[in-house]
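Me: I would like to go through a model feature by feature and learn how each one is read. Can we start with empty space and then turn to the helices?

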Amino acid sequence: MNVWPYIALAFAGYLLGNIQTGLIVARVAGNIDIRKFGSGNAGTTNIARVMGPVPSAITFLIDAGKGALAAYIGLVWMGRVGAVVCALCAVAGHNWPVFFGFRGGKGLATTIGAVLVVLPLPGAVLLLLCAATVLISRRVSVAALVYFTAGLAYGLIFCRNQPSILIFLTLLCAMGWYSHRSNIKRMLAGEEKIVTFGSMEQLKAATRSVSTRASNAYRRSRFHRYTTLHLRSRRKGDRRKRRRERTQPV
């Protein structure tokens with residue numbers, strides 16, 4: 001068995017997952033690093049809380065498309081096993097991107113896109129289940145955990161004779177639960193927040209607050225004191241020079 005095509009798919013999938021849509025959307029729409037706002041996560045839910053529904057929807061669709069594209073590339077090149085390898089690595093790249101300090105999203109949207117390609121009908125049912133859970137609980141983290149767990153349950157019941165699919169759903173569930181561990185702690189403490197949509201006005205106010213804090217910190221810095229004193233001394237020297245030039249006889 002030639003493993004090099006699968007290694008290439010794993011590498012390509014991971015690089016594709018490193019494209020952080022949330023960071024790009026937040027930078028383009030609000031000129032901010034979304035990881036400094038809200039929960040500090042670069043995923044769809046934090047975009048919704050900080051920036052509103054439209055940037056959130058854009059982030060979700062592109063992240064889901066990223067997972068679908070990875071699975072499709074693997075499916076075309078090496079069949080179902082190739083799709084599984086490329087899709088799993090895309091989700092891992094989205095959750096832990098090497099180019100962004102291993103601080104990415106939590107993988108729900110990317111997983112949804114990948115599962116829709118690998119398992120179209122079950123993937124559609126799982127997506128509807130996830131959407132219904134969001135509407136009922138108003139907590140995306142709850143819906144995500146239900147989605148991952150239901151996917152694993154489907155694999156254990158219907159895919160016991162398909163090792164690649166069972167491994168696929170098991171690893172997706174494991175990555176999903178691991179990436180949501182902070183949400184699980186908040187749920188157990190009764191502190192998990194419901195889904196709320198921010199607005200651009202709130203974002204601008206938050207940005208102004210961050211800019212003000214950064215400006216104050218700069219004013220207190222040694223560099224600011226040095227440059228201020230240096231400029232003042234230069235201005236004093238220029239004034240003395242002009243006075244000497246005026247007093248010198250022609």
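Reply: Start with the lining of the largest pocket, which by class has 18 nonpolar, 20 polar and nine charged residues. Keep in mind that this is a predicted model.

Me: How is such space found in general, and what volume does the largest pocket have here?

Reply: Rolling a probe the size of a water molecule over the atoms shows where empty space is left. In this structure the largest pocket contains about 1100 Å³ of space. Its lining is made up of 47 residues, and those closest to the centre are Gly-43, Thr-44, Thr-45, Asn-46 and Val-140.

Me: Which elements give two or more residues to the lining of the largest pocket?

Reply: They are helix H3 (44–51), helix H4 (53–95), H5, helix H6 (120–137), H7 and helix H9 (181–188). H4 contributes the most, with seven residues.

Me: What about closed space: how many cavities of 30 Å³ or more does the structure hold?

Reply: There is one cavity of 30 Å³ or more. The volume of the largest cavity is about 50 Å³. Its lining consists of Thr-111, Val-115, Leu-126, Tyr-147, Phe-148, Gly-151, Leu-169, Leu-172 and Cys-173.

Me: Which helices each supply at least two residues of that lining, and how does the lining of the largest cavity divide by class?

Reply: Helix H5 (108–118), helix H7 (140–158) and helix H8 (163–179) each supply at least two. By class, the cavity lining has seven nonpolar and two polar residues, with no charged ones.

Me: How should I describe the packing of two helices, and at what angle do H5 and H8 pack?

Reply: Two packed helices are described by the angle between their axes and the distance between the axes. For H5 and H8 the angle is about 170 degrees, and the axes are 12 Å apart. H5 is therefore roughly antiparallel to H8. On the H5 side the contact is made by Thr-111, Ala-114, Val-115 and Val-118, and on the H8 side by Ile-165, Phe-168 and Leu-172. By class, the residues of this contact are six nonpolar, one polar and no charged.

Me: Is there a general idea that helps in reading the spacing of residues along a helix?

Reply: An α-helix has 3.6 residues a turn, so residues three or four places apart point the same way. With that in mind, look at the H5 list again, where Thr-111, Ala-114, Val-115 and Val-118 are the residues in the contact with H8.

Me: Now burial. Which residues of H2 and H3 are buried?

Reply: In helix H2 (residues 21–30), the buried residues are Thr-21, Gly-22, Leu-23, Val-25, Ala-26 and Gly-30. H3 is mostly covered, with six of its eight residues buried. Those of H3 are Thr-44, Asn-46, Ile-47, Ala-48, Val-50 and Met-51. Thr-44 and Asn-46 were also named among the residues closest to the centre of the largest pocket. Across the 250 residues of the chain, 39% count as buried.

Me: How do I read a single residue, and is Tyr-154 buried or exposed?

Reply: Look at its accessibility, its place and its contacts. Tyr-154 has a relative accessible area of 25%, so the residue counts as partly exposed. Tyr-154 lies in helix H7. Leaving out residues up to four places away in sequence, Tyr-154 touches Leu-119, Pro-122, Cys-159 and Leu-169. Leu-169 is also one of the residues lining the largest cavity. Between Tyr-154 and Leu-166 there are 8.9 Å from C-alpha to C-alpha, and the two are twelve residues apart in sequence.

Me: Backbone angles next. What phi do Phe-102 and Arg-138 take?

Reply: Most residues other than glycine have a negative phi, and most peptide bonds are trans. Phe-102 has a positive phi near 60 degrees, and Arg-138 has a positive phi of about 60 degrees. Phe-102 is in the loop between H4 and H5, while Arg-138 is in the loop between H6 and H7. Phe-102 is partly exposed at 48% relative accessibility, and Arg-138 is partly exposed at 44%.

Me: What phi is found just after H2, and what follows H3?

Reply: Just after H2, Asn-31 has a positive phi of about 55 degrees. H3 is followed by Gly-52, with a positive phi near 110 degrees.

Me: Finally, how many helices and strands are in the chain?

Reply: The chain has eleven helices and zero strands. Among contacts with a separation of 6 or more, 67% come from residues 24 or more positions apart.

Methods. Residues are numbered from 1 along each chain as its sequence is written. This is a predicted model: local features need pLDDT of at least 70, side-chain atom pairs count only at pLDDT 80 or more; totals for chains, interfaces and linings use all residues. Side-chain values use heavy atoms; hydrogens and water are left out. On a 1 Å grid over the protein atoms alone, a cavity is a set of points where a 1.4 Å probe fits but cannot get out, and a pocket is an open set with protein on both sides within 12 Å along at least five of seven lines; lining residues have an atom within 4 Å of a point. Grid points are joined across faces, edges and corners, and a volume is the space filled by probe spheres set on the points. Helices (H or I, at least four residues) and strands (E, at least two) are DSSP runs, numbered from the N terminus. Ala, Val, Leu, Ile, Met, Phe, Trp, Tyr, Cys and Pro count as nonpolar, Asp, Glu, Lys and Arg as charged, and the others, Gly among them, as polar. Axes are lines fitted to C-alpha atoms, for helices over the stretch in contact, and angles run from 0 to 180 degrees between N-to-C directions. Angles under 35 degrees count as roughly parallel, over 145 as roughly antiparallel, 65 to 115 as roughly perpendicular and the rest as oblique. Contact means heavy atoms within 4.5 Å. Buried means under 20% relative accessible area, exposed over 50%, partly exposed in between (1.4 Å probe, protein chains only).
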